[in-house]
Amino acid sequence: MADTMQFDLVSPERRLASVEAREVQIPGAEGDLTAMPDHAPTITTLRPGVLKVVTAEGTDSYAVTGGFAEITAEGTSVLAERAMPVGEVTQEIIDDLVAEADTARREAGADAVDAAAKLVADMVAMGTEIGLSPKQPSL
């Protein structure tokens with residue numbers, strides 16, 4: 001069994017990481033999961049959250065708003081809707097993300113309101129996990 005695997009994280013704006021990782025902790029839409037070398041092939045969607053990459057040098061954390069992860073025995077690739085290192089996330093950025101999600105919730109049709117409300121809750125939880133104080137929208 002290999003000790004490391006290739007990990008790549010890209011968003012439409014930039015490539016954020018391309019490293020040899022020991023594990024990748026992924027905020028999956030159906031539940032959090034950890035990808036490791038020799039993992040069974042899996043494709044999952046992401047929910048807003050903090051993605052963590054463990055390398056020989058330590059752990060890097062990234063805020064992601066959604067996207068897809070493809071996991072194979074040799075590596076993990078994440079295509080994020082939006083992503084940034086946690087250190088770059090400011091109070092203003094998290095408040096804007098929560099406000100965008102809340103606007104989508106308010107404009108959602110009856111069949112999508114639960115998913116939109118979950119999106120708002122996930123954005124608030126991500127900000128809290130990073131150590132910020134997201135503004136809670138009134139429901």
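Tutor: On a 1 Å grid over the protein atoms alone, a pocket is an open set of points with protein on both sides within 12 Å along at least five of seven lines; a cavity is a set where a 1.4 Å probe fits but cannot get out; lining residues have an atom within 4 Å of a point. The model is predicted: local features need pLDDT of at least 70, side-chain atom pairs count only at pLDDT 80 or more, and totals for chains, interfaces and linings use all residues. Residues are numbered from 1 along each chain as its sequence is written, and side-chain values use heavy atoms, with hydrogens and water left out.

Student: Which residues lie nearest the centre of the largest pocket?

Tutor: Leu 46, Pro 48, Thr 65, Glu 81 and Leu 119, out of 19 lining residues. The volume of this pocket is about 280 Å³. That is the space filled by probe spheres set on the grid points, which are joined across faces, edges and corners.

Student: Which elements supply the lining of the largest pocket?

Tutor: Strand 5 (42–46), strand 8 (67–71), helix 1 and helix 2 each give at least two residues. Helices (H or I, at least four residues) and strands (E, at least two) are DSSP runs, numbered from the N terminus. Helix 2 contributes the largest share, 5 residues.

Student: How do the residues of that lining divide?

Tutor: Into 9 nonpolar, 4 polar and 6 charged. Ala, Val, Leu, Ile, Met, Phe, Trp, Tyr, Cys and Pro count as nonpolar; Asp, Glu, Lys and Arg as charged; the others, Gly among them, as polar.

Student: How much space lies in the second largest pocket?

Tutor: About 150 Å³. Its lining has 14 residues, and the closest to its centre are Pro 27, Asp 32, Arg 47, Val 50 and Glu 129. Strand 3 (23–26), strand 4 (33–35), strand 6 (49–55) and helix 2 each supply at least two residues of this lining. The split is 7 nonpolar, 3 polar and 4 charged.

Student: How many cavities of 30 Å³ or more does a search of the whole structure find?

Tutor: Just 1. Its volume is about 30 Å³. Among the residues that line it are Ala 63, Arg 82, Met 84, Ile 93 and Met 126. Strand 7 (58–64), strand 10 (83–85) and helix 1 (91–107) each provide at least two of the lining residues. Here 8 are nonpolar, 1 is polar and 1 is charged.

Student: How do you know that the span of helix 1 agrees with its number of residues?

Tutor: The expected span is 1.5 Å times one less than the number of residues. For the 17 residues of helix 1 that gives 24 Å, and its end C-alpha atoms are 24 Å apart, so the two agree.

Student: Which residues of helix 1 are buried?

Tutor: Ile 94, Asp 95, Leu 97, Val 98, Ala 101, Asp 102 and Arg 105. Seen down the helix axis, these buried residues fall within an arc of 160°, so they line one face. The arc is that of the directions from the helix axis to the C-beta atoms. An α-helix has 3.6 residues a turn, so residues three or four places apart point the same way. The buried residues of helix 1 pack against helix 2 (113–130). The face turned away from them carries the exposed residues Glu 92, Arg 106 and Glu 107.

Student: Why is Thr 44 called buried?

Tutor: Buried means under 20% relative accessible area, exposed over 50%, partly exposed in between (1.4 Å probe, protein chains only). Thr 44 has 12%, so it is buried. Thr 44 is in strand 5.

Student: What does Thr 44 touch, not counting residues up to four places away in sequence?

Tutor: Gly 28, Ala 29, Leu 33, Gly 67, Phe 68 and Ala 69. Contact means heavy atoms within 4.5 Å.

Student: What makes Val 78 buried?

Tutor: A relative accessible area of 1%. Val 78 is in strand 9 (residues 75–80). Leaving out residues up to four places away in sequence, Val 78 touches residues including Phe 7, Leu 9, Leu 46 and Phe 68. The C-alpha atoms of Val 78 and Phe 7 are separated by 8.0 Å, with their positions 71 residues apart along the chain counted as their separation.

Student: Why is Met 5 called buried?

Tutor: Its relative accessible area is 1%, so Met 5 is buried. Met 5 lies in strand 1 (residues 5–10). Met 5 and Pro 37 are 32 residues apart in sequence and 5.3 Å apart in space, C-alpha to C-alpha.

Student: Why is Asp 38 called partly exposed?

Tutor: Its relative accessible area is 43%, so Asp 38 is partly exposed. Asp 38 sits in the loop between strand 4 and strand 5. Its phi is near 70°, a positive value in a residue other than glycine. Most residues other than glycine have a negative phi.
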